[in-house]
Structures are given as structure tokens and as C-alpha cells.
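Student: I have a structure to look at and would like to learn how to read its features one by one. Could you take me through them slowly?

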Amino acid sequence: MNDVFPINYELEFEPDFTKFTFRGREKISVKIPKPVNKITLHAAELEITQCKISWNGKEIKPKTRLDEKTEELVITFSQKISGKAVLSIDFVGQLNDKLVGFYRSKYKYKGKEKYLATTQFEAADARRAFPCWDEPEAKATFDVSLVVDKNHTAISNMPIVSKKVTGKKIQYKFDTTPIMSTYLLYLAVGEFESISSKSGKTLIRVITTQGKKQQGKLSLEFTRQFLSYFEKYFKIAYPLPKLDMIAIPDFASGAMENWGAITFRETILLYDPKTSSTETKQHIAEVIAHEIAHQWFGNLVTMKWWNDLWLNESFATFMATKAVDALYPEWDFWDQFLISEMTGGLSLDSLKSSHPIDVPVKSPSDVRQIFDEISYNKGGCVLMMLENFIGDDNFRKGLHSYLKKHEYANATTEDLWNSLGSISRQPVRQIMNTWVRQVGYPVIEAKVQDSKLRLSQSRFLLEDKGKAKKGNWIIPLSVRTGNKTVTKLMKGSITIPHQADWFKVNEGQKGFYRVKYDQNALDALGKKVEEKEISNVDRWSIHHDLFALCMSNQVSFRDYLDFVKHYEDEDDYVVLSDIISSLNFFYVLLSKEVFWDEIKEFNRDFFNKVFAKLGWDPIKGERSTTALLRVQVISSLGKLEDQEIVVEAKSRFTSLSKTGQLNPDLRGPVYSIIAWTGDYTTYQKILSLYRKAPTQEEMIRLLSSLANFQDKKLLSKTLLFTLSKEVRTQNLFQPIARMVTNPQGKELVLPWIKQNWKGIVKRFGVGNPLLNRIIGSVSIEADLKKEKEVREFFARHHVPGTEMKLAQTLERIRIHARFVQSVRKEFS
């Protein structure tokens with residue numbers, strides 16, 4: 001498609017909310033370097049009603065052909081043209097309900113059903129709204145007009161420059177955008193309201209459906225803070241005159257960084273102090289920071305092609321943590337980064353079916369598959385490792401130079417390494433290529449011999465069949481031996497002098513790798529854990545690596561549980577959160593085993609020691625992470641049917657029914673426990689609360705708790721309810737995610753998927769990221785017969801864009817099956 005280059009799109013759209021269609025008209029100014037008699041653009045699900053070309057003062061009437069399979073519009077004409085031309089196309093499209101392209105979102109206001117129209121174009125869905133060159137490198141400017149009903153307003157990337165009445169409608173015209181990629185264009189039409197503020201000269205608005213703007217106050221403040229932070233950090237002014245933050249009732253992902261008009265799920269932008277939890281508040285801050293970071297990384301400088309998607313996503317992930325930590329240091333966000341980013345990255349990348357950060361991408365369905373824990377989480381971790389190696393100051397200067405050099409254009413990973421390498425004078429490219437271009441990460445095996453510490457590396461895999469795994473990384477190494485820290489670049493193997501009685505590899509957990517210690521070294525570290533003589537992140541990493549080694553059968557399950565006892569006096573959130581998650585995972589995975597009671601007893605004992613220090617109610621001045629830990633431990637004890645916890649949860653639920661009062665942080669755990677120990681009457685009560693819930697956040701809590709009952713008939717009811725019109729498509733996954741962690745519910749999920757797969761695919765639409773989540777939910781299975789069943793079913797019902805997720809899910813089932821077999825042997 002590189003024989004014609006778009007310069008500017010003049011676009012007009014007119015949505016019709018009675019037929020759910022839209023009429024579109026465009027004039028594309030193009031540059032044609034060599035003579036052609038054919039122009040190919042992207043277009044999908046559009047009907048072309050008229051097409052002409054103005055060239056050299058002439059009007060040419062071409063032939064048009066839409067290719068559904070390749071999503072291309074081919075325009076052919078009788079003579080060859082070159083130089084400048086204007087392509088005029090009229091078309092009609094669908095205001096679909098699949099949450100991609102130009103789509104409709106339904107909501108209620110004062111009991112009445114209403115609709116708004118909004119767009120989601122990343123990765124390759126602008127073509128569903130207008131014919132265009134729908135690739136990141138085909139940057140152009142855009143002049144947008146929206147023709148709308150008089151009771152509607154319109155939003156796009158730029159401010160409105162004119163508003164005029166045409167018949168029964170109003171035409172909104174927007175200012176010309178900067179040069180940018182199609183996936184960042186935005187259009188919205190609906191009955192919106194907003195609150196606003198300013199950051200310097202930039203107008204900031206939080207835009208919501210009617211009656212919700214007051215819930216945008218916190219987000220407005222976060223937006224002001226983070227916009228100002230990034231302008232200072234990058235030393236480049238935000239280039240647009242306004243920044244809108246828009247809450248959309250139906251939204252497939254979490255948020256989208258459209259330039260100057262960022263869209264969010266309502267739960268990630270709206271905050272109600274009466275019902276919103278600490279976790280929600282922190283999540284809102286993190287996602288807002290992530291999307292604002294994109295305004296530079298992704299929007300101002302865009303990856304050349306989707307294989308470098310990670311340049312967008314990893315950077316936004318990493319920079320969001322940096323920004324939140326700078327403004328809210330009391331939230332311990334770099335510690336939380338271990339849970340939110342490193343855990344997922346290390347987990348997915350320990351599979352054979354993982355992929356490199358820089359991955360070949362041919363088609364849109366390939367792109368959609370890599371919006372995953374590699375592009376976001378692993379990439380973010382690798383950047384943390386790099387910044388730690390070259391230093392904060394060099395990192396910041398390198399980023400500034402990269403952004404200035406490529407602004408309003410496209411760049412590759414190599415361009416970034418060149419900027420960071422030339423500023424820091426370090427072999428950035430050589431080091432980083434080993435992390436970005438090869439799949440996986442290393443496990444360093446540490447052994448002490450003759451007062452020397454010998455470290456060797458190989459690829460870490462959970463499905464470890466005993467063969468040495470190839471792979472060689474250049475590792476920025478940090479080793480603490482006693483009171484001394486040694487830092488080196490490790491290629492292959494390495495030997496370090498060692499006189500102390502203990503050592504810890506990957507001090508500070510800045511490196512994206514695991515460590516395997518021998519028993520003596522581990523025993524010595526166990527003492528340091530008990531005495532808290534090493535930092536919380538080092539205590540976290542020792543446990544985190546041991547859990548992975550246990551899952552890959554390199555450490556026995558009993559040895560793992562014995563080591564966890566070193567943490568009985570632990571008080572740090574990230575450390576305990578990791579242990580609680582791991583013990584809960586084993587609780588679900590081993591729920592069919594004869595020794596399950598022993599696991600439950602171990603967990604109950606450990607969790608009660610944690611709970612004893614926390615209690616039910618917050619203490620004045622406690623850290624926000626304490627609230628997060630309290631939620632986790634109360635929910636976990638509830639699942640173990642701890643009597644004291646169950647009685648208190650019931651009492652708080654009763655008082656909520658009478659007074660309407662319950663600490664927002666406790667709502668999730670209380671609903672979850674009430675369901676776990678509840679019957680049909682409880683089920684009806686939770687369902688009724690769901691139907692009356694004032695916010696999406698509260699709805700999701702209640703919807704998820706419907707998957708927590710122990711009666712399989714009630715769980716089947718929940719699965720049926722999930723597919724009803726009462727559950728938004730975007731929330732359909734929530735109860736499924738909860739059900740697979742319920743020992744009574746996990747075996748109902750696969751039959752439900754098989755029975756409803758056609759309907760699920762139809763409802764989501766091919767390419768929707770939520771489909772992959774549904775497939776991934778069955779990875780909790782631990783039976784090779786189930787692996788075969790899953791494999792054969794999806795072979796017969798294949799959906800493009802799910803291949804990677806399916807391979808990863810099957811691999812996880814095999815890992816779990818092998819793990820369960822080895823634990824059976826230990827306990828027999």
C-alpha cells in the first residue's frame with residue numbers, strides 16, 4: 001500500500017440512532033510519487049455509495065471493489081495518475097454493538113434507555129468507520145465534522161471551531177489535528193456532561209453520561225497532576241489545546257489513549273467516595289497516568305509497525321508507575337509493580353508458548369494477540385532493569401532525545417536503544433536485544449564452591465522436561481554477599497569471590513530473572529527473612545522464585561510449605577500478598593485431592609496470623625496497602641469458612657441492609673463471603689442488589705460474588721445470567737474469572753463454554769480481547785484428559801486471533817496436571 005500517501009482526511013459523519021447506522025463522507029488529499037491506475041485502502045463492514053478522484057483539474061470516476069477477507073477497498077481507473085490528488089468517497093456503516101470501530105453504547109438515565117456513539121480504533125478498526133490507510137506509519141492530519149441531533153453534543157480529538165444548524169441537526173466542526181496515525185482518531189456523539197479544569201494553557205475535562213459528572217472529580221485532579229508531571233519529566237509540552245477524559249458505559253479494554261480524547265471504562269474513571277475502594281482509587285490513578293504517558297509515547301512518537309507495540313505499552317506501564325510513585329509515594333507503587341507487572345510477565349514468559357517482546361506481526365488478528373503480559377508487563381520490567389543499569393538521569397535524557405528526534409513521526413526499538421546508548425555510553429543495544437528479541441528469561445543457578453560463588457544461566461520454563469534450555473542473556477547482575485553488593489554484566493556464567501555466610505542474587509529485584517539456590521543458601525536466606533534483615537522486595541523475590549520452582553517440580557511442595565513458615569511474622573503487603581495468592585492457588589488446584597484438608601489447615605493457620613495484626617477496621621493513619629491486604633486476607637479466610645470471619649461478615653451485611661453503610665474496602669470481601677456460605681434466599685438478595693447498584697464498580701462486585709456460591713444449581717444460574725441482557729458484554733468475564741477459583745464452580749466453566757461458544761463469539765465479535773480471556777479461564781484445569789478435550793473442541797471451533805492464548809492455556813493445563821501428580825506422590 002506504499003504507492004499512495006495520505007496527507008489529510010476531511011471527514012464528516014452523521015450517526016442514525018434509530019437504524020444504528022452512520023453516513024460518512026470523506027475527501028482524502030493524497031500524494032502519489034509514481035504513476036498508478038489503482039489505489040488500495042483499508043475498509044471493512046462499509047458500503048461505498050460514491051467514489052471519485054479529482055486530479056489535475058479533472059474528475060475521474062473509478063471502479064470500486066471491497067474485499068471482505070483482506071478488509072481492503074480497491075479503486076481502479078482507466079488512466080495512470082501521479083502527483084497530488086483528492087479522493088472523495090461517500091459511504092454507510094453500522095453503529096455496531098461489538099465495542100470496535102464506530103459503535104453504540106447503551107445506558108439508563110432516570111429509568112430511560114439511552115444510546116451514545118463512540119469509537120475504538122486500535123489496533124486496526126478505523127477501517128470500520130471510514131476507508132483509510134489503517135497502519136501506524138500512514139500518518140496524516142484530520143479535519144472532522146459530526147452532524148448530530150439537537151439534543152446531542154459531539155467530541156473529537158481537537159476543540160470545536162464551529163457549530164451550525166443544518167435543518168433539524170447541528171454540524172460540529174473540529175480543528176485540524178496534528179499529524180497522527182488513524183488508530184488515534186476519536187469520535188463521540190451523545191448526551192454528555194462534564195467538569196473542567198486547566199493545567200497551564202491546556203483545558204482538561206472529565207466527560208460522563210448524564211448524572212455522573214460529580215464522580216469525575218478525583219480523575220480531574222489526577223489528570224491535572226499527571227499531565228504536569230509528564231510535561232516536566234519529558235521536557236516537551238503537551239501538544240494539544242485540550243485533553244478530554246471520557247467515561248464510556250460499554251468498553252472492551254480498560255482505556256484507550258486517543259490523542260486529546262482518552263476513553264475509559266466507567267469503573268476506571270468514576271470514583272464515589274461512599275462506595276469506591278482503595279484499590280479502585282489507586283487503579284484509576286495508574287490507568288490515567290498510563291494513558292497520559294501515551295500522549296508522548298505512542299501518539300507524538302508512534303511505533304513504525306505493530307511488532308514494536310511494546311514501545312507504546314511497556315513505556316506507558318513503566319512511566320505510569322514512575323508518575324504515581326512520584327506523586328503518591330505513600331502508596332508504595334514500585335513495590336506494587338512487582339504484583340501488578342512482574343508477576344504476570346514472569347508467569348507468561350515461563351511458557352514455551354510465550355513470544356519475544358519484539359514479535360513478527362502480519363495481520364490485525366496477530367496484533368490483537370500481543371496486547372498481553374509480554375508487551376505490557378515484561379516490557380515494563382525490562383525498562384526498569386535498563387533504567388537501573390544506566391541511571392535515572394541518563395534514562396531521562398535519552399528519552400527526551402528520542403522523543404524530540406522522532407516527534408510527529410514513527411520510530412523503532414533500535415531508534416530508542418540508539419538514543420539511550422549514545423547518552424549513557426553503555427552497550428544498550430547489545431544488552432537489550434537479548435531481552436527483547438529472544439523469548440523467555442533466565443534462571444540463575446547459584447552454588448558456593450571454595451569461597452567462590454558460581455552463577456550459571458539457562459532459560460526458565462515451567463514445563464521443564466529436564467533438558468538444558470538454550471538461551472543466553474546479558475544480565476545486569478546485582479549480588480549481595482553479607483554487607484557487600486557486587487554489580488556486574490553477566491554473559492554466560494560468572495564467578496564472584498564470596499566469604500560471607502549468606503548471599504542474595506538480584507538484590508532489589510530490578511532484574512527480570514529467577515534464582516535457584518541450593519538448600520544451604522536457602523536455609524541461610526530463611527533466617528534473614530525471619531529477621532527481616534533483607535528488604536521487603538528481596539523477601540518477595542525469594543518466595544516468588546520458590547513458588548515457580550515448586551510449580552516446575554524443581555522444589556518439592558512440602559519443602560515449599562516449610563519455607564513459607566519463615567514468613568509467619570511477615571508484615572509487608574507485597575510479600576504477604578504474593579504468599580496469600582500462591583496458597584489460594586494451591587487451594588483451588590488441589591481441591592479434589594484426599595489431602596485437601598491438610599492444605600486448608602495450613603492456609604487457615606497462616607492467614608489467621610496475618611489477620612490477627614489487621615482486624616476488620618482500618619486504624620487511623622495506616623498505609624493504603626494495609627487496606628489492600630485486609631481485603632485479601634478476609635476474602636481468603638471466608639473461602640476457608642473460618643467461623644469468626646463468616647459470623648462478622650454476616651453481621652456487617654445485615655447492618656448494610658439496614659443502614660446502607662459499609663466501608664467500601666470491605667464490600668467486596670463481605671459480598672464474597674455471604675455468597676460462599678449462602679443459599680437461594682441469599683442469591684436472590686445479591687441479585688436484587690446487583691439490579692439496583694448505583695455504580696458499575698458496585699455492580700461488578702455483586703456480579704462476581706454470584707460466582708461464589710457452593711451450590712452447583714445456583715452457579716449454573718449465574719452462568720446462565722452472565723449471558724443475559726442484564727450483564728454488559730464487557731463485564732461478562734468477571735463472574736467467569738471468579739468461578740474458576742471456586743472449587744465447586746471450576747468444573748462447570750468448560751461445559752458452559754462449549755455449550756455457548758457460538759453465542760459468545762457472536763456477542764463479542766471476532767478479534768475482541770475478551771474472547772481470549774474466556775479461553776484462558778480454563779487453564780486452571782489440571783487433568784490431561786481435559787487438555788485433550790479443550791484442544792479438540794477449539795480445533796473444531798477455531799476463531800482467528802485466539803491461537804496464542806489457546807496454546808498457552810493447553811500448556812498451563814499440562815503443567816498443572818504434572819504438578820498435581822507429583823504432589824500426590826509426596827502425600828501418598
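**Two helices that cross**

Tutor: Helix α3 and helix α7 cross in a left-handed way, and since this is a predicted model, that handedness is computed from predicted coordinates.

Student: Which general quantities describe a pair of packed helices?

Tutor: In general, two packed helices are described by the angle between their axes together with the distance between those axes. In this structure, the axes of α3, residues 309–327, and α7, residues 392–406, cross at roughly 140° and come within 15 Å. Angles over 145 degrees would count as roughly antiparallel, and α3 and α7 are therefore oblique to each other.

Student: Which residues of α3 and α7 meet?

Tutor: From α3 come Leu-311, Phe-315, Phe-318 and Met-319, and they meet Phe-395, Leu-399 and Tyr-402 of α7. Sorted by class, this contact has seven nonpolar residues, with no polar and no charged ones.

Student: At what angle do α13 and α25 pack?

Tutor: Helix α13, residues 573–589, packs against helix α25, residues 803–827, at an angle of about 85°, and their axes are 11 Å apart. Angles from 65 to 115 degrees count as roughly perpendicular, and that is therefore how α13 and α25 are described relative to each other. In this contact Phe-585, Phe-586 and Leu-589 of α13 meet His-816, Phe-819 and Val-820 of α25, and by class the residues divide into five nonpolar, one polar and no charged.

**The chain as a whole**

Student: How many helices and strands are there in the chain?

Tutor: The chain has 25 helices and 27 strands. Along its principal axes, the C-alpha trace spans about 85 × 65 × 55 Å.

Student: What does the radius of gyration say about the chain?

Tutor: The idea is to compare the value with the one expected for a compact globule of 828 residues, which would be near 28 Å; the chain has 28 Å, so the two agree. Buried residues make up 60% of the 828 residues. When contacts between residues at least 6 apart in sequence are considered, 70% of them join residues at least 24 apart.

**Single residues, buried or exposed**

Student: Is Thr-118 buried or exposed?

Tutor: The reading rests on relative accessible area, and a residue under 20% counts as buried; Thr-118 has a value of 0%, so it is buried. Thr-118 is found in strand β8, residues 112–120. Leaving aside neighbours within four places in sequence, Thr-118 is in contact with residues including Gly-101, Phe-102, Tyr-186, Ile-248 and Thr-263. Distance along the chain and distance in space can also be read side by side: Thr-118 and Val-479 are 361 residues apart in sequence, and their C-alpha atoms are 51 Å apart in space.

Student: And how does Lys-528 count, as buried or exposed?

Tutor: Lys-528 counts as buried, because its relative accessibility is 13%. Lys-528 is in helix α10, residues 519–531, and, apart from neighbours within four places in sequence, it is in contact with Trp-502, Glu-533 and Ile-534.

Student: Where is Ser-54 placed?

Tutor: Ser-54 is placed in strand β3, residues 46–55, and with a relative accessibility of 30% it counts as partly exposed. Beyond its neighbours within four places in sequence, Ser-54 is in contact with Ala-85 and Val-86. The C-alpha atoms of Ser-54 and Ile-7 are separated by 15 Å, with the two positions 47 residues apart in chain numbering.

**Backbone exceptions**

Student: What is the general expectation for phi and for peptide bonds?

Tutor: Most residues other than glycine have a negative phi, and most peptide bonds are trans. In this structure, the peptide bond from Glu-122 to Ala-123 is cis, with omega near 5°, and Ala-123 is in the loop between β8 and β9.

Student: What is the phi of Lys-235, and where is that residue found?

Tutor: Lys-235 has a positive phi of about 55° although it is not a glycine, and it is found in the loop between α1 and β16. Lys-235 is exposed, because its relative accessible area is 62%. Lys-532 also has a positive phi, near 55°, and lies in the loop between α10 and α11; at 30% relative accessibility, Lys-532 counts as partly exposed.

Conventions. Residues numbered from 1 in each chain as written. Predicted model: local features only at pLDDT ≥ 70, side-chain atom pairs only at ≥ 80, totals over all residues. Heavy atoms only, no water. Axes fitted to C-alpha atoms, helices over the stretch in contact; angles between N-to-C directions. Helix = DSSP H or I, 4+ residues; strand = E, 2+ residues; numbered from the N terminus. Parallel < 35°, antiparallel > 145°, perpendicular 65-115°, else oblique. Left-handed = near helix turned anticlockwise from the far one by under 90°. Contact = heavy atoms within 4.5 Å. Nonpolar A, V, L, I, M, F, W, Y, C, P; charged D, E, K, R; others polar. Rg over C-alpha atoms; globule rule 2.2 N^0.38 Å. Buried < 20%, exposed > 50% of the residue type's maximum accessible area, 1.4 Å probe, protein only.
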